[in-house]
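Reader: Could you take me through one short stretch of this model up close, residue by residue? I'd like to know what sits inside and what sits outside, and then how that part fits with the rest of the chain.

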Amino acid sequence: SPRIVKLWREAPREILNHEITHIFLDQYLAGAKVPRWFHEGYALYASRMWDLESFLRFSVAILSGRMFPLHDLEKGMPENEEWAELAYIQSYTVVEFMFEYWDDAQMQLLFERWRATGDLDMALRSSVGLTLGRMEEKWRKWAGVRYGWLKLLTSATLMWIVAALLFLVVFARRRSRNKSKLDEMRRRESWLLESSMPARPPGGKAEETSKGGNGNDWDDKVI
């Protein structure tokens with residue numbers, strides 16, 4: 001499709017890894033029932049086709065409550081391109097959760113039981129002790145914590161806290177600025193006061209002008 005051609009030109013290695021993962025999964029779980037969300041999510045997880053834009057989009061989806069029930073993605077993805085991209089991102093996060101929630105040995109056991117029973121729900125029950133529905137509940141809580149930061153940022157409580165902190169910062173800066181201005185004004189006033197006072201000799205008395213004696217020596221010489 002044109003979309004695949006565009007992606008291939010932009011990231012050929014990731015696309016190749018993505019498609020190889022699909023082939024591997026089909027061969028390893030041959031005959032088993034594999035939900036579409038796991039097929040696509042696992043391929044995205046293995047090829048690391050995940051970027052900041054995807055992260056932001058999924059955070060917005062959590063904020064707006066636009067996450068799909070997994071059973072809606074069991075047989076296929078939405079036809080609408082925007083909804084389909086969101087479904088792919090969500091599928092990635094489910095697989096990401098599974099690999100972070102369980103260690104390698106548990107995941108290996110899950111795949112073995114899945115291959116043997118042909119059913120993901122049965123494999124989950126016999127390997128990690130959870131039903132598919134219970135796993136979905138845990139994933140939703142995990143995703144809310146990991147990717148729900150946008151919801152936290154837009155909460156009314158946090159907005160009031162941020163507003164209060166900004167007010168305190170502005171108040172502290174303004175108070176500091178006013179104190180600096182006041183100190184400068186005091187220095188100037190002190191300087192002006194000192195400069196307006198008459199100069200005094202080192203002895204502390206102003207010099208007096210003699211009217212006679214030394215004061216008339218020049219006149220006497222001229223006469």
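**One loop up close**

Author: Let's start with Ala32, which has a relative accessible area of 18%; the cut-off for buried is under 20%, so Ala32 counts as buried. Bear in mind throughout that this is a predicted model. Ala32 belongs to the loop between H2 and H3. Leave out residues up to four places away in sequence, and Ala32 touches Trp114 and Gly118. Ala116 belongs in this picture too: Ala32 and Ala116 are 84 residues apart in sequence, yet their C-alpha atoms are 8.1 Å apart in space.

Now step back along the loop to Ala30, which also lies between helix H2 (12-28) and helix H3 (36-47). Buried or exposed, this one? Ala30 is exposed, because its relative accessible area is 56% and the cut-off for exposed is over 50%. From the C-alpha of Ala30 to that of Gly118 the separation is 8.6 Å, with their positions 88 residues apart along the chain. So you meet Gly118 twice here: as a contact of Ala32, and as the other end of that C-alpha pair with Ala30.

Leu29 is another residue of the loop between H2 and H3. At a relative accessible area of 2%, Leu29 is buried. What does Leu29 touch, not counting residues up to four places away in sequence? Val34, Phe111, Trp114 and Arg115. Trp114 turns up again, then, having already appeared as a contact of Ala32. As for Arg115, its C-alpha is 5.2 Å from that of Leu29, although the two are 86 residues apart along the chain.

Next door, helix H2 holds His22. His22 has a relative accessible area of 11%, so it is buried. Setting aside neighbours within four places in sequence, His22 is in contact with His39, Glu40 and Ala43. For reading any list like that, it helps to remember that an α-helix has 3.6 residues a turn, so residues three or four places apart point the same way.

How does this sit with the rest of the chain? The protein chain has 11 helices and 0 strands, so the order from the N terminus on is simply α-α-α-α-α-α-α-α-α-α-α. Of its 223 residues, 28% are buried. Take the contacts with a separation of 6 or more: 65% of them come from residues 24 or more positions apart.

Elsewhere, helix H4 (residues 52-64) packs against helix H8 (residues 132-146) at an angle of about 115°, with the axes 10 Å apart. That crossing of H4 and H8 is left-handed. On the H4 side the contact involves Phe55, Phe58 and Ile62, while H8 brings Trp139, Ala143, Gly144 and Arg146. By type, those contact residues come to 5 nonpolar, 1 polar and 1 charged.

Phe58 leads us on to Glu85, a residue of helix H5. The C-alpha atoms of Glu85 and Phe58 are 9.9 Å apart, for 27 residues along the chain. Glu85 is partly exposed, with a relative accessible area of 22%, and a polar contact of 2.3 Å links its side chain to that of Arg57. At the start of H5, a side-chain oxygen of Asn80 comes to within 3.0 Å of the backbone nitrogen of Glu82. Does the length of H5 come out longer than, shorter than or in agreement with what its residues should span? At 1.5 Å a residue, the 21 residues of H5 (residues 81-101) should cover 30 Å, and the end C-alpha atoms are 30 Å apart, so the two agree.

Terms used
Residues are numbered from 1 along each chain as its sequence is written. This is a predicted model: local features need pLDDT of at least 70, side-chain atom pairs count only at pLDDT 80 or more; totals for chains, interfaces and linings use all residues. Side-chain values use heavy atoms; hydrogens and water are left out. Axes are lines fitted to C-alpha atoms, for helices over the stretch in contact, and angles run from 0 to 180 degrees between N-to-C directions. Helices (H or I, at least four residues) and strands (E, at least two) are DSSP runs, numbered from the N terminus. A crossing is left-handed if the near helix is turned anticlockwise from the far one by less than a right angle, and right-handed if clockwise. Contact means heavy atoms within 4.5 Å. Ala, Val, Leu, Ile, Met, Phe, Trp, Tyr, Cys and Pro count as nonpolar, Asp, Glu, Lys and Arg as charged, and the others, Gly among them, as polar. The expected span of a helix is 1.5 Å times one less than its number of residues. A polar contact is a pair of N or O atoms within 3.5 Å; within protein, one must be able to donate a hydrogen and the other to accept it, and residues adjacent in sequence count only if both atoms are side-chain atoms. Buried means under 20% relative accessible area, exposed over 50%, partly exposed in between (1.4 Å probe, protein chains only).
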